[in-house]
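User: Please take a close look at the main nonpolar core of this model. Set out what builds it, then say what lies apart from it.

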Amino acid sequence: MTAVTDVSPGPEPAPPKRGLRHRLRDTPLRLRLVIAAALAVLLALAGVLSVGLYEVRRELRSSVDSQLRTAATAADRGIVALPSLNGTTLQPRAPEAGQIAAYVQLINSTGDKSTADNSPALPIGAADKRVAAGPSGGELVEDVTASGTHLRMLTVGLGSNIALQVALPLTSVDHQVGHLRRVFLLVGLVGLLLAAAIVWFVAGAALRPVRRLTSAAEEIAATRDLTHRIAETRGDELGRLALSFDSMLAALQTSVGAQRQLVADASHELRTPLASLRTNVEVLHDLDKLPAQMREDVIAGIVAQLEELTALVADVVELARGDEPAVHLEDVSYERIVEHAVARARRHWPELRFILGSSPVMVRAVPARLDRAVNNLLDNAGKFSPARGQVDVALFPDGRLTVRDHGPGIPADALPHVFERFYRSDEARGLPGSGLGLAIVAQVADSHGGRVRLSNAVDGGAIAELWLPPLPTPAPIEVPVG
């Protein structure tokens with residue numbers, strides 16, 4: 001009997017709980033601004049209203065304290081001595097007409113008390129007993145409750161182990177403070193709602209460019225249309241953000257257009273050598289039937305076409321690299337790169353004379369790319385130089401490299417196009433090359449913060465100039481003598 005295993009999926013695990021911080025981060029920015037502003041206004045109102053309510057309560061209680069002292073003075077004058085079993089007992093009288101209607105009570109340090117007529121018994125605490133036991137004039141003001149009534153009570157030492165207690169109800173004060181608290185709460189709530197409404201509308205107006213940016217980005221992502229622009233005219237930070245977004249779109253559109261053009265041009269340029277190579281390869285089927293000289297010509301043609309394709313692909317790859325990241329830049333010796341490039345050119349063009357004059361120059365560059373640019377300039381000069389001609393190479397301390405040939409020069413109508421990709425003048429179509437050499441030089445110069453220029457010399461030939469910003473030369477260290 002075969003056991004059956006239940007492989008049905010169990011219940012899906014509950015999604016992890018998200019904290020308040022993560023939930024706020026997913027809240028719309030406009031709502032977050034309103035919440036932040038409301039909290040700030042709430043804290044400010046709470047602080048201001050609390051201070052105001054405290055000051056009002058303090059002033060009202062101060063007024064009650066003044067009344068207590070007045071009532072205590074009047075009650076002190078109305079105290080009389082009554083006989084008792086233990087000697088003399090002090091009995092306060094109730095206030096007379098015109099006096100403050102206060103509750104009056106006499107106490108001693110042991111807690112005995114004598115209460116005026118129609119006055120409730122006032123509570124006696126340890127602090128009140130200490131006032132009674134102390135010297136005359138000592139006092140204590142405190143809040144107490146007697147018979148369910150909230151009172152403000154003053155205890156004054158009279159000497160002889162006796163203290164007078166006078167109390168006034170705080171009902172009126174509590175009522176006024178409670179009323180003010182309700183008014184303040186209402187004012188605070190209205191102010192909070194008003195502030196939230198103002199911030200809501202202000203944030204909406206301020207974030208309108210952000211919404212336009214978001215809509216534009218979503219539209220571009222959906223349609224791949226890089227011609228869309230924001231065209232924001234405001235001059236604040238959001239306006240500058242929109243302007244930067246438009247600049248980024250323009251640069252991206254240019255880059256994508258250049259890539260598409262590069263692919264199209266490369267495809268066009270590769271078509272001819274590939275077709276020729278295919279023709280020669282097809283001839284290999286009948287290679288045994290061909291004369292020896294023709295077989296050698298076919299094989300030599302295939303090798304030459306493969307070298308041409310290799311060089312073309314290398315140039316396309318070099319051009320497609322674009323700007324090197326800044327991390328690849330390093331301090332390099334410009335004159336050493338020029339010297340090595342001239343040495344290679346002399347081996348490649350043995351029938352030409354390369355005259356070099358250089359000065360020590362340090363630049364910030366990608367060594368391999370700078371070497372490729374210098375080599376392309378020398379190769380371009382070699383192609384257009386006459387047999388047994390001369391190429392003059394000079395590197396100046398300001399970072400300027402000049403390469404001059406003594407060939408026919410550049411036609412005037414071709415000068416504006418010499419740095420374009422795959423451009424070849426009519427005079428250059430019969431020469432080897434892909435038309436990418438000078439384009440690579442221009443790209444290297446631009447990515448290194450330099451410039452390149454090609455012009456005709458007055459006495460014949462062409463002059464190419466590649467300038468890169470030189471690094472400052474460190475000051476020589478002075479060694480003290482003696």
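Analyst: In this predicted model, the largest nonpolar core has 38 residues. Tyr 334, Leu 370, Val 374, Leu 378 and Leu 466 are the ones with the most contacts inside it. Several helices and strands contribute at least two residues each to this core. The helices are H8 (334–348), H9 (367–383) and H10 (437–447). The strands are E10 (362–365), E11 (390–395), E12 (400–404), E13 (451–456) and E14.

Leu 378 can serve as an example. Neighbours within four places in sequence are left aside here; beyond them, Leu 378 is in contact with Ala 341, Val 342, Ala 345, Phe 354, Val 393 and Val 403. In general, nonpolar side chains in soluble globular proteins tend to be buried together.

Strand E14, which supplies at least two residues of the core, covers residues 462–467 and also holds Glu 465. Glu 465 counts as buried because its relative accessibility is 14%, and the cut-off for buried is under 20%. Again leaving aside neighbours within four places in sequence, Glu 465 is in contact with Arg 400, Leu 401, Thr 402, Arg 451, Val 452 and Arg 453.

Another core, of 20 residues, lies apart from the largest one. Among its residues are Leu 53, Val 64, Val 166 and Val 173. Val 173 is also one of the buried residues of helix H4, along with Val 177, Gly 178, Phe 184, Gly 188, Leu 192, Ala 195, Ala 196, Ala 203 and Gly 204. H4 has 36 residues, so at 1.5 Å a residue it should span 52 Å; its end C-alpha atoms are 51 Å apart, which agrees.

Gly 188 of H4 can be paired with Val 48 of helix H2. The two are 140 residues apart in sequence, yet their C-alpha atoms are 9.7 Å apart in space. Val 48 counts as exposed, because its relative accessibility is 59% and the cut-off for exposed is over 50%.

H2 and H4 also carry nonpolar residues on the surface. Leu 31, Ile 35, Leu 39, Leu 42, Trp 200 and Phe 201 form a nonpolar patch there, with about 570 Å² of accessible area together. Helix H2 (29–77) and helix H4 (171–206) each supply at least two residues of this patch, and the largest share, 4 residues, comes from H2. Phe 201 sits in helix H4 and is exposed, with a relative accessible area of 60%.

Methods. Residues are numbered from 1 along each chain as its sequence is written. This is a predicted model: local features need pLDDT of at least 70, side-chain atom pairs count only at pLDDT 80 or more; totals for chains, interfaces and linings use all residues. Side-chain values use heavy atoms; hydrogens and water are left out. Buried means under 20% relative accessible area, exposed over 50%, partly exposed in between (1.4 Å probe, protein chains only). Contact means heavy atoms within 4.5 Å. Patches are made of residues with over 30% relative accessible area and no salt bridge: like charges are joined within 9 Å, nonpolar side chains (Val, Leu, Ile, Met, Phe, Trp, Tyr) within 5 Å. Accessible areas come from the Shrake-Rupley method with a 1.4 Å probe; for residues, only the protein chains shown count as cover. A salt bridge is a side-chain nitrogen of Lys or Arg within 4 Å of a carboxyl oxygen of Asp or Glu. A nonpolar core is a set of buried Ala, Val, Leu, Ile, Met, Phe, Trp, Tyr and Cys residues joined through side-chain atoms within 4.5 Å. The expected span of a helix is 1.5 Å times one less than its number of residues.
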